[in-house]
Amino acid sequence: MKMNRLILALLLLAAVAGFAPTARAAGGVTIRGILISASNESGESDRRLAAYVPNLKRILRFESFKFLGEDSASISVPGNGELSLGNGQSVELTTESSDGKTVLLKVRWSAGVRHEYVLQRGGTTVLAGPSVGKGEMLAVILVSR
């Protein structure tokens, strides 16, 4: 009888230990990055950016926005990932901690931009990038899921 209890306890312990990697993976986050060009020229913005245009105008203070590329990465917490956004632009992401509702995200954009954010799940942030011509600049929209 004691041997059966010992075997049952060991099986239970093995089952719990087997679930540990799954629990850690559930602590990950998916980040979608959208590379855009912002311009002072008036005109219609790219329709794919319609949900973001009001905030982009408020934050970046430009008139129109063009979609240039996108990528997404699923990253464990803690962990690293990279977004390849096109036009030679990439964003390195590092997650350091998460409380389930927010994630600490360190961002390094190949354009020389480095920031640290506490990003809410489902939240959005904008990285202002380099000027690419008279009255134009690049920016990246980051959306967490």
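Me: Which residue takes a positive phi in the hairpin of S3 and S4?

Reply: Happy to start there: this is a predicted model, in which local features need pLDDT (the predictor's confidence in each residue, from 0 to 100) of at least 70, side-chain atom pairs count only at pLDDT 80 or more, and totals for chains, interfaces and linings use all residues. Residues are numbered from 1 along each chain as its sequence is written, and side-chain values use heavy atoms, with hydrogens and water left out. Strands (E, at least two residues) and helices (H or I, at least four) are DSSP runs numbered from the N terminus. There are 2 residues between S3 and S4, and the positive phi, near 55°, belongs to Asn87.

Me: How many bridges join S3 to strand S4?

Reply: Two strands count as paired if DSSP finds at least two bridges between them. Leu83 has Val91 in S4 as its bridge partner, and Gly81 has Leu93. S3 and S4 (residues 89-98) run antiparallel, and their number of bridges is 7.

Me: Which residue in the turn between S4 and S5 has a positive phi?

Reply: S4 and S5 pair in the antiparallel sense over 7 bridges, and Leu93 is matched with Val107 of S5. The hairpin has 3 residues between the strands, and the one with a positive phi, about 95°, is Gly100.

Me: By what angle are neighbouring strands of the sheet S3-S4-S5-S6 turned against each other on average?

Reply: The sheet is open, with 4 strands in the order S3-S4-S5-S6 and antiparallel pairing. Its edge strands, each pairing on one side only, are S3 (79-86) and S6 (113-120). For the angle, axes are lines fitted to C-alpha atoms (for helices over the stretch in contact), and angles between N-to-C directions run from 0 to 180 degrees. With direction ignored, the average turn between neighbouring strands is 25°.

Me: What does the twist average in the open sheet S2-S1-S8-S7?

Reply: This sheet also has 4 strands and antiparallel pairing, in the order S2-S1-S8-S7. S2 and S7 are the edge strands, each pairing on one side only. From one strand to the next, the average twist is 20°.

Me: Which residue in S8 is the bridge partner of Leu127?

Reply: S7 and S8 are joined over 7 bridges and pair in the antiparallel sense. Leu127 takes part in this pairing, and its partner in S8 is Val140.

Me: Is Trp109 buried or exposed?

Reply: Trp109 lies in strand S5 (residues 102-109) and touches, among residues over four places away in sequence, Leu35, Leu127, Pro130 and Val140 (contact means heavy atoms within 4.5 Å). The cut-offs for relative accessible area are under 20% for buried, over 50% for exposed and partly exposed in between, using a 1.4 Å probe and protein chains only. Because the relative accessible area of Trp109 is 2%, this residue counts as buried.

Me: Which side chain does Trp109 join through a polar contact of 2.8 Å?

Reply: A polar contact is a pair of N or O atoms within 3.5 Å; within protein, one must be able to donate a hydrogen and the other to accept it, and residues adjacent in sequence count only if both atoms are side-chain atoms. One of the residues touched by Trp109 is Gln89. The side chain at the other end of the 2.8 Å polar contact is that of Gln89.

Me: Which backbone oxygen does the side chain of Ser64 reach?

Reply: Ser64 sits in strand S2 (residues 64-75), and it counts as buried because its relative accessibility is 10%. Its contacts include Ser37, Gly43 and Ser45. At 2.8 Å, its side chain reaches the backbone oxygen of Glu41.

Me: How wide is the arc that the buried residues of helix H2 cover around the axis?

Reply: In H2 (residues 53-60), the buried residues are Val53, Leu56 and Leu60. They lie on the same side of H2, because their arc, taken from the directions from the helix axis to the C-beta atoms, is only 55°.

Me: Which exposed residues does the face of H2 turned away from its buried side carry?

Reply: The cover over the buried residues of H2 includes S1 (29-39), S2, S7 (124-133) and S8 (136-144). On the face turned away from that buried side, the exposed residues are Pro54 and Arg58.

Me: Where in the protein chain is confidence lowest?

Reply: The chain has a mean pLDDT of 83, and 82% of its residues reach 70 or more. Over residues 1-26 the pLDDT is below 50, and this stretch has 0 contacts in the model beyond near neighbours in sequence. Confidence is highest in S2, at 97, and lowest, at a mean of 38, in helix H1 (residues 2-25).
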